[in-house]
Every structure is written in structure tokens, then in C-alpha cells.
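The following exercises go through a structure in terms of its domains, its salt bridges and its pockets. Each task is followed by a solution in steps.

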Amino acid sequence: MAGTKNHDYHILPPDIWPIVGAFSALTMTSGGVFAMHGMPGGKIALMLGVFGVALTMFSWWGNVIKEAHAGDHTPVVQLHQRYGMILFIASEVMFFVGWFWAFFDFSLFPNQLVDVIGGKWPPKGIEAVMNPFDLPLLNTLILLCSGTTLTWAHHELIHGNREGLKTGLWATIALGLLFSSIQAYEYMHAPFGFGENTYGSAFYMATGFHGFHVIVGTIFLAVCQARAYKGHFTPRQHFGFEAAAWYWHFVDVVWLFLFVAIYVWGGWGAPIE
């Protein structure tokens with residue numbers, strides 16, 4: 001019979017959100033560049049682009065949820081969704097590799113950048129660095145605990161305990177908010193600024209983008225919590241939760257590398273405030 005579906009794939013109908021998202025991303029990035037150069041209309045374009053990207057994400061992912069409820073996410077479709085999430089996380093890994101590369105390039109070869117760094121690391125102008133075994137260590141323990149509570153929530157979901165799922169998610173969200181609050185306090189009391197030298201720039205770019213990812217992950221988990229209260233997840237089909245859990249564990253692992261490489265090793269031998 002014509003039009004009968006005889007495969008396990010989900011053929012998407014025409015949708016406006018891919019083109020809206022593409023133009024919104026172009027507007028956001030262009031507006032950001034214009035705004036940083038003080039060009040007229042830059043800030044407006046940036047805000048319009050951000051709004052368009054947010055609207056696209058909300059609407060497009062909302063359609064994905066509707067497709068899941070309609071039964072379109074067959075085992076084959078779910079497998080390919082997992083492949084997509086793995087590739088996305090791989091791209092995020094390479095994003096952080098760039099910041100680690102910059103930090104190690106400065107720190108391992110200070111003699112090649114004498115005019116910029118002063119031939120030593122941490123460079124001249126850094127009178128003190130953060131104590132890695134103070135707030136950074138506390139934040140490390142918080143993230144490790146959040147990974148544990150999220151794994152607990154996943155375990156409860158697999159075994160059909162929705163109350164345990166909600167409790168584990170609440171605990172993870174609270175720990176994520178606590179991490180962000182402590183990092184904001186740490187930044188406000190840091191002994192060095194952002195643009196003063198290579199150490200400050202590399203430090204804030206690496207840890208700041210990680211902090212941004214923690215905020216995104218917290219929002220991701222909050223959406224999962226809202227969906228959990230609506231009864232969206234089942235023990236056999238809960239890719240949205242899995243994607244959030246994978247992302248959160250990725251953020252945890254990146255922080256461990258940041259803590260060891262930038263906080264502990266990167267400031268070794270410098271005065272500690």
C-alpha cells in the first residue's frame with residue numbers, strides 16, 4: 001500500500017526551525033562581533049539572535065518530545081540519537097582541548113614568550129594565585145557528589161521509582177547551583193583580573209566556559225525534572241534524561257582536569273592568597 005511505513009526510521013516532515021535556527025545563529029554571532037567593536041545595532045542584533053536561538057531550541061526540542069510520545073522513536077532512532085549526543089560531546093571535548101592547549105603552551109614554554117610572560121610561570125604581574133585546596137577543592141567534591149546523585153536518579157528511573165528519580169534530580173540541581181554560586185564568589189575575590197596577563201586570560205576562559213557548561217547542564221537537568229513531574233520518562237525510553245546525564249558527567253570530568261592542570265599544577269610555586 002502506498003505510504004505504508006515499512007522501516008524503523010523516522011522521516012521528519014518539513015519544519016521551519018532549522019532555517020530559523022541557522023539565521024538566528026548567524027544574527028547572534030554577527031551581532032556579538034559588532035557589539036564588541038562598538039558598531040551601531042550590534043547589541044540589538046545580538047539580543048535578537050539570542051532570542052531566536054532560544055526560541056528555536058525550545059520549539060525544536062519540544063517537537064522531538066512530541067515525536068517520542070507519538071512512538072516515532074524506535075530503537076533504531078534512539079540509537080542514532082545516542083550517536084548524535086556522543087558526537088556533540090566529542091565536539092565539546094575538542095572545544096576544551098583548545099583552552100588546555102593555550103594554557104599549556106604558555107606554561108610549558110615561558111622562555112619563548114619572555115616579552116609577554118616574563119620568562120616564568122605564573123607570569124610577571126601575578127602576585128598571588130588561588131589556593132587550589134580551598135574553594136576549588138570544595139567545588140570538586142560538590143561536582144563529584146552531583147555525579148553520584150545523578151547516577152542514583154538514573155538507577156531509580158530504570159527500576160521504575162519516580163519519586164527516587166525526582167529526589168536524585170533535585171539533589172543534583174541543588175549541587176549544580178551551589179557549584180555556580182561558589183565559583184561566582186571565587187571570581188569576585190580572585191587576586192588577579194581577566195585581561196591583565198596570559199595567566200588570567202587562560203584561567204578565566206577555561207574555568208569560565210566550564211562554569212557556563214555547568215549552568216547549561218543545570219538547566220538541562222531542570223527540564224528533565226519538569227518532564228519527570230509530567231511522567232514523560234519510562235524505564236525503557238528516557239533518552240532525554242540519558243543525554244542530560246552524559247552531558248553532566250562530561251562536565252564533571254572536564255572539571256577534574258581543570259582542577260589538576262590549572263589550579264594545582266598551573267599555580268605551583270606561586271604565592272597563594
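**Exercise 1. The domain interface**

Task: State how many salt bridges there are between domain 1 and domain 2, and describe the area buried between domain 1 and domain 2.

Solution.
1. The count of salt bridges between domain 1 and domain 2 is 0. The model is a predicted one.
2. The domain bounds are 15-72 for domain 1 and 74-263 for domain 2.
3. The C-alpha centres of domain 1 and domain 2 are 23 Å apart.
4. In terms of contact, 6 residues of domain 1 meet 6 residues of domain 2.
5. About 410 Å² is buried between domain 1 and domain 2, and carbon and sulfur atoms give 51% of this area.
6. On the side of domain 1, the residues that lose the most area to domain 2 are Ile-65, His-69 and Asp-72; together they account for 71% of what that side buries.

**Exercise 2. Secondary structure and extent**

Task: Give the number of helices and strands in the chain, and the box that its C-alpha atoms fill.

Solution.
1. The chain has 8 helices and 0 strands.
2. Along the sequence the pattern therefore reads α-α-α-α-α-α-α-α, with helices numbered from the N terminus.
3. Taken along the principal axes, the C-alpha atoms fill a box of roughly 75 × 45 × 30 Å.

**Exercise 3. Salt bridges in the chain**

Task: Count the salt bridges, and find which side chain Arg-82 meets in a salt bridge.

Solution.
1. With a cut-off of 4 Å from a side-chain nitrogen of Lys or Arg to a carboxyl oxygen of Asp or Glu, the count is 2 salt bridges.
2. Arg-82 pairs with Glu-242, at an N to O distance of 2.6 Å.
3. Arg-82 lies in helix α3 and Glu-242 in helix α8, 160 residues apart, so this pair links distant parts of the chain.

**Exercise 4. The largest pocket**

Task: Describe the lining of the largest pocket by residue class, and explain where the pocket lies with respect to domain 1 and domain 2.

Solution.
1. The space in the largest pocket is about 1,900 Å³.
2. It is lined by 45 residues, and those closest to its centre are Met-57, Phe-58, Trp-61, Phe-220 and Val-223.
3. Two or more lining residues come from each of α2 (42-69), α3 (75-108), α7 (198-229) and α8 (239-265).
4. The lining of the largest pocket divides into 28 nonpolar, 14 polar and 3 charged residues.
5. Both domain 1 and domain 2 give residues to this lining, so the largest pocket lies between them.

**Exercise 5. The second largest pocket**

Task: Find which element gives the largest share of the lining of the second largest pocket.

Solution.
1. The volume of the second largest pocket is about 410 Å³.
2. Its lining has 17 residues, with Leu-12, Trp-60, Trp-61, Val-64 and Glu-67 closest to the centre.
3. The elements that each supply at least two lining residues are α1 (17-36), α2 and α3.
4. The largest share is from α2, with 7 residues.
5. By class, this lining has 9 nonpolar, 6 polar and 2 charged residues.

Key. Residues are numbered from 1 along each chain as its sequence is written. This is a predicted model: local features need pLDDT of at least 70, side-chain atom pairs count only at pLDDT 80 or more; totals for chains, interfaces and linings use all residues. Side-chain values use heavy atoms; hydrogens and water are left out. On a 1 Å grid over the protein atoms alone, a cavity is a set of points where a 1.4 Å probe fits but cannot get out, and a pocket is an open set with protein on both sides within 12 Å along at least five of seven lines; lining residues have an atom within 4 Å of a point. Grid points are joined across faces, edges and corners, and a volume is the space filled by probe spheres set on the points. Helices (H or I, at least four residues) and strands (E, at least two) are DSSP runs, numbered from the N terminus. Ala, Val, Leu, Ile, Met, Phe, Trp, Tyr, Cys and Pro count as nonpolar, Asp, Glu, Lys and Arg as charged, and the others, Gly among them, as polar. Domain bounds come from an automatic or database domain assignment. Contact means heavy atoms within 4.5 Å. Buried area is the accessible area (1.4 Å probe) that two parts lose on being put together, summed over both.
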